Amino acid sequence: MDIEQKQAELIEDFVKQAENLRGGSLTNVIVQATSHSSLFAFSEILSVPNVAELQGTEYSIFLDVLRLFAHGTWFDYKSNAGRLPTLVPEQVRKLKQLTVLTLAETNKILPYEQLMQELDVTNVRELEDFLINECMYAGIVRGKLDQLRRCFEVQFAAGRDLRPGQLAGMIQTLASWLSTSDNLLMSIQEKIKWADTTGEIQKKHRKEIEEKVEEVKKSLKKYNVSRQTWNYEGMMRSTLNLEE
């Protein structure tokens, strides 16, 4: 089973659980979802009405936790740890994995120093172990550890939930990409048309040359026959003159 299919099944399961629970009963679902080793998307759980209703209640901090895992990073948690529940080790690992995904959204070369600071890691060995065992083996990123340059070269990174307001920017980016693609396609079509036209002209020109060559060949052949005939007639006249 690929990671996308597994994600879809987990999301569906947690959404169904959330739809049938209310209030404090939802806190366990949120903790389980944010602790699950194979779940990295939370926006659909956030959109469940029962979950949204936690806002303004005594359980609203769990809604904040869910939002943190949907859009935030380990640094965001540390900045707000005083008002959020203490995370279990599985949640800490998950949030650090999500932090790597966030960094990879905007940069494909991630310096070790930046990663160690963002992930709260103290040495390179610990960082590389985390990237290999918790990120690459998990299938959420692919890349190369460059120990000489002290950086992680990202080749692939799974996408995170869209942050509020991010959809409009993404639509604009896609629209721009589509416009560029259309212009590129038109340019390619024009070049193909030009190539086809040029090809036809060249074919016509080649045919004309070949016809001229054939004409020259025929003329030469005719000239050679005439010359041979003339030489033969001349020899005959010479012979007759000698006999006389």
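These are my notebook entries on a predicted model, covering one serine, several salt bridges and a sheet.

**Entry 1: serine 35**

I began with serine 35, which I found in helix H2, the helix that spans residues 25-35. I noted its relative accessible area as 16%, and because the limit for buried is under 20%, I entered serine 35 as buried. Leaving aside residues up to four places away in sequence, I listed its contacts as Val88, Glu90, Gln91 and Lys94.

**Entry 2: the salt bridges**

I then turned to the charged side chains, for which the count comes to 11 salt bridges. One of these joins arginine 22 to glutamate 53, with the closest N and O atoms 2.5 Å apart. I traced this pair to distant parts of the chain, 31 residues apart: arginine 22 sits in the loop between helix H1 (3-19) and H2, and glutamate 53 in the loop between helix H4 (49-52) and helix H5 (60-71). I recorded arginine 22 as exposed, at a relative accessible area of 53%, while glutamate 53 is partly exposed, at 45%.

**Entry 3: what gathers around aspartate 64**

Which residues do salt bridges with shared partners join to Asp64? I looked first at arginine 67, whose salt bridge with aspartate 64 has its closest N and O atoms 3.6 Å apart. Both residues belong to helix H5 and are 3 residues apart, about one turn of the helix. I then found that the side chain of arginine 83 also meets that of aspartate 64 in a salt bridge, at 3.1 Å from N to O. This pair links distant parts of the chain, since I placed arginine 83 in the loop between helix H6 (74-79) and helix H7 (89-106), 19 residues from aspartate 64 in helix H5. I therefore wrote down Asp64, Arg67 and Arg83 as one network, joined by salt bridges that share partners. Both arginines are partly exposed, arginine 67 at 36% and arginine 83 at 48%.

**Entry 4: the sheet and the helices across it**

Last, I followed the open sheet of 3 strands, which has the order E1-E3-E2 and antiparallel pairing. Strand E1 (109-111) and strand E2 (141-146) stand at the edges with a single partner strand each, so one side of each has no neighbour in the sheet. I noted an average turn of 25° between neighbouring strands, direction ignored. E2 pairs with strand E3 (residues 151-157) over 6 bridges in the antiparallel sense, and I found valine 141 opposite alanine 157 in E3. Across E1, E2 and E3 lies H7, running at about 90° to E3; helix H8 (residues 112-119) also lies across E1, E2 and E3, and runs at about 70° to E1.

Key:
Residues are numbered from 1 along each chain as its sequence is written. This is a predicted model: local features need pLDDT of at least 70, side-chain atom pairs count only at pLDDT 80 or more; totals for chains, interfaces and linings use all residues. Side-chain values use heavy atoms; hydrogens and water are left out. Helices (H or I, at least four residues) and strands (E, at least two) are DSSP runs, numbered from the N terminus. Buried means under 20% relative accessible area, exposed over 50%, partly exposed in between (1.4 Å probe, protein chains only). Contact means heavy atoms within 4.5 Å. A salt bridge is a side-chain nitrogen of Lys or Arg within 4 Å of a carboxyl oxygen of Asp or Glu. Two strands pair if DSSP finds at least two bridges between them. Axes are lines fitted to C-alpha atoms, for helices over the stretch in contact, and angles run from 0 to 180 degrees between N-to-C directions.
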